Amino acid sequence: MVLTRVFRAVGRSTLLETGVASGGSQTQHLQLVRLPLRRKYTYRSGALKPMPEITPFGLFGIICTVIPGLLIGATISKNMANFLEENDLFVPSDDDDDDD
């Protein structure tokens with residue numbers, strides 16, 4: 001965000017140009033360059049843009065997306081752990097369970 005503002009300000013502010021003066025010596029002068037701004041809520045003419053479309057689902061849509069994702073991820077990881085244990089690729093040690 002900060003870098004965007006800095007680059008926008010640098011891009012809009014000035015450009016350094018070199019030219020040859022009438023006496024034959026090179027001169028440097030700054031020329032102010034105005035780049036067109038991208039407006040978020042108005043057109044160039046000043047008219048307001050229409051309101052953006054609002055998704056009607058909101059929190060309900062988020063819940064309906066997150067819960068199935070968690071359930072599917074838990075099922076995949078449970079099946080993968082069972083597969084690894086059946087094929088003796090990863091077997092948890094029983095030493096940690098002995099607290100006698």
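I will walk through the fold, the second helix and three individual residues of this protein.

Before the details, please keep in mind that this is a predicted model, in which local features need pLDDT of at least 70 and side-chain atom pairs count only at pLDDT 80 or more, while totals for chains, interfaces and linings use all residues. Residues are numbered from 1 along each chain as its sequence is written, and side-chain values use heavy atoms, with hydrogens and water left out.

Let me start with the overall picture. The protein has 2 helices and 2 strands, which, read from the N terminus, follow the order α-β-β-α; helices (H or I, at least four residues) and strands (E, at least two) are DSSP runs, numbered from the N terminus. Of its 100 residues, 1% count as buried, where buried means under 20% relative accessible area, exposed means over 50%, and partly exposed lies in between, with a 1.4 Å probe and protein chains only. The accessible surface comes to about 9,900 Å², and 61% of that belongs to carbon and sulfur atoms, the areas coming from the Shrake-Rupley method with a 1.4 Å probe, with only the protein chains shown counting as cover for residues. Among contacts with a separation of 6 or more, 5% are between residues 24 or more positions apart, a contact being heavy atoms within 4.5 Å.

Now to helix H2, which covers residues 59–86. What span should its 28 residues have at 1.5 Å a residue? The expected value, 1.5 Å times one less than the number of residues, is 40 Å, and the end C-alpha atoms are 41 Å apart, which agrees. The unreviewed UniProt entry lists residues 54–76 as "transmembrane region", although such annotations may be inferred rather than shown by experiment. In the model, that span is 78% helix and 0% strand, with its end C-alpha atoms 34 Å apart.

Leu-59, which lies in H2, is exposed, with a relative accessible area of 62%.

Is Thr-42, in the loop between strand E2 (26–32) and H2, buried or exposed? Thr-42 is buried, because its relative accessible area is 14%. Leaving aside neighbours within four places in sequence, Thr-42 is in contact with Ala-47, Leu-48 and Lys-49.

Finally, Asp-88 sits in the segment after H2 and has a positive phi of about 55 degrees although it is not a glycine. Asp-88 is exposed, at a relative accessible area of 61%.
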